[in-house]
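Hi,

Here is the structure I promised to pass on. Have a look at it first, and my notes follow below.

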Amino acid sequence: MAQLLTIEDLRIQAKRRVPRMFYDYADSGAWTEGTYRANETDFAKIKLRQRVAVDMTNRTLASTMIGQPVSMPVALAPTGLTGMQHADGEILAARAAHKAGVPFTLSTMSICSLEDIANHVGSPFWFQLYVMRDRDFIARLIQRAKAAGCSALVLTLDLQILGQRHKDIRNGLSAPPKPTIANMINLATKPRWCLQMLDTPRRTFGNIVGHAKGVGDLSSLSSWTAEQFDPQLDWDDVQWIKDQWGGKLILKGILDPEDAELAVKSGADALIVSNHGGRQLDGALSSIEALPAIVDAVGGRTEILFDGGIRSGQDVIKALALGAHGTFIGRAFLYGLGAMGEAGVTRCLDIIRKELDVTMALCGKRDINTIDENILVGAREEALRRLAAG
């Protein structure tokens, strides 16, 4: 096996091993995929200052995210269908995160359930919540998250209506795959994935099937999800969820300074600057381009986290330099999971940790908590000019 030295190496390996519909689900965006691509490419416009003849010993990446100690300011983002990248994928990713000392966030639309993660992982994890029309189901889901020992609730605000992803429609995305001729031909080229999937009972949405009213099997699930995402979600609903939860609350999907101000007023413990990986509004700002204005609007009143396009430790440090307190990785760890299971997620985190550590040192810093705009060429103003130049 070739050495896997970068996140791109993991992506290539995952593409070979994961069935097309699930690889495409992870590696795609809405409509033209312009925002999806910009999330990644806009990082390259930000330049770092190299410093020399400074003491680079005794470096530390240790930090906190919403008050929780982390070995580096990186968390695994909530991603749907993770258990279709690799059998028992959420369990494996959570284990890798636990061993690495970083948070894992379970999606509402996961294959493994809240209870699965609680039973197989030795540390508290975070849970991501979508708002459904069935408020009784949401209330029960929040209670299940409490019972599972989740230490934070991540409320996603930017999926009231689903953005169209052409690849998913063309592939006929379903979990498990429908036995069409095209799917069977593709699955025949992925024997490792098929054997692993045959060895697990977890093949559909574990947080929903058997828990939501009227959803007992796959045939009823698709119609339920199409009907249940709530386009009427507003800030009163955020307050209701905050009251139901009673613990640490993170609001995900903030991309505009006005919404950032409303997020602060809601009393949330943190917000995540995110455009849903370019999977919702194509043509929106990349997350890194949106970050500085939100930092300015919030002014330190709540913790700002960042999600979107991170493929390296250098991307992490650039987000921190522009004002994020911590970051999330989604596709990066999914590539590792699809490539090598738990070991692949560990490899992903090791790659990012090494790149983050070396970059910090070469920028003349020893403590990740001292990273600021001064590590950027021309400081913040030049970084913003480069981003705007596009």
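Let me start with an aromatic pair: Tyr130 is buried, and Phe229 is buried as well. Before going further, please keep in mind that this is a predicted model. The ring centres of Tyr130 and Phe229 are 5.3 Å apart with the planes at 75°, so this pair is edge-to-face. Tyr130 sits in the loop between E5 and helix H6 (135–147), while Phe229 sits in the loop between helix H10 (218–228) and helix H11 (235–245), so the pair ties together parts that are 99 residues apart in sequence.

In total there are 4 aromatic pairs in the structure. Another of them is Trp126 with Phe328, which is tilted, at 6.2 Å centre to centre and 50° between the planes. This one also links distant parts of the chain: Trp126 belongs to strand E5 (residues 126–129) and Phe328 to strand E10 (residues 326–329), 202 residues apart. Trp126 and Phe328 are both buried.

Next, the helix packing around H16. Helix H14 (residues 313–321) and helix H16 (residues 342–362) have axes that come within 7 Å and cross at roughly 55°. That angle is neither under 35 degrees nor in the 65 to 115 range, so it falls in the oblique class, and H14 and H16 are therefore oblique to each other. The crossing of H14 with H16 is right-handed. On the H14 side the contact is made by Gly313, Gln314, Val316 and Ile317, and on the H16 side by Ile352, Glu355, Leu356, Thr359 and Met360. Sorted by class, the H14 and H16 contact has 5 nonpolar, 3 polar and 1 charged residues.

Helix H15 (residues 331–340) packs on H16 too: their axes come within 6 Å and cross at roughly 140°. Roughly antiparallel would need an angle over 145, so H15 and H16 are oblique to each other. This crossing is right-handed. H15 contributes Ala332, Phe333, Gly336, Leu337 and Met340 to the contact, and H16 contributes Glu342, Ala343, Gly344, Val345 and Cys348. By class, that makes 7 nonpolar, 2 polar and 1 charged residues for H15 with H16.

Pro73 brings us back to some of those helix residues. Pro73 is in the loop between strand E2 (68–70) and strand E3 (74–76). With a relative accessible area of 1%, Pro73 is buried. Not counting neighbours within four places in sequence, Pro73 is in contact with Leu61, Ser63, Met65, Val316, Leu320, His325, Gly326, Thr327, Leu356 and Ile368. Val316 and Leu356 in that list also take part in the H14 and H16 contact. If you want a distance to check, Pro73 and Pro103 are 30 residues apart in sequence and 9.3 Å apart in space, C-alpha to C-alpha.

Now for the loop that holds both Gly278 and His276. Gly278 lies between strand E8 (270–273) and helix H13 (287–298), and His276 is in the loop between E8 and H13 as well. Gly278 is buried, at a relative accessible area of 0%, and His276 is buried at 10%. Beyond residues up to four places away in sequence, Gly278 touches Gly29, Ala30, Thr35, Tyr36 and Asn39. For His276, the backbone deserves a look: phi is positive, about 60°, although His276 is not a glycine.

Asn58 is a further non-glycine residue with a positive phi, near 55°. Where is Asn58? It lies in the loop between helix H3 (34–41) and strand E1 (63–65). Is Asn58 buried or exposed? At 71% relative accessibility, Asn58 counts as exposed.

One last residue, this time charged. Arg144 is placed in helix H6. Its relative accessible area is 12%, so Arg144 is buried, given that the cut-off for buried is under 20%. Apart from neighbours within four places in sequence, Arg144 is in contact with Ser113, Leu114, Glu115, Gly206, Asn207 and His211.

Over to you!

Terms used. Residues numbered from 1 in each chain as written. Predicted model: local features only at pLDDT ≥ 70, side-chain atom pairs only at ≥ 80, totals over all residues. Heavy atoms only, no water. Helix = DSSP H or I, 4+ residues; strand = E, 2+ residues; numbered from the N terminus. Buried < 20%, exposed > 50% of the residue type's maximum accessible area, 1.4 Å probe, protein only. Contact = heavy atoms within 4.5 Å. Axes fitted to C-alpha atoms, helices over the stretch in contact; angles between N-to-C directions. Left-handed = near helix turned anticlockwise from the far one by under 90°. Nonpolar A, V, L, I, M, F, W, Y, C, P; charged D, E, K, R; others polar. Phe/Tyr/Trp six-rings, centres within 6.5 Å; stacked < 30°, edge-to-face > 60°.
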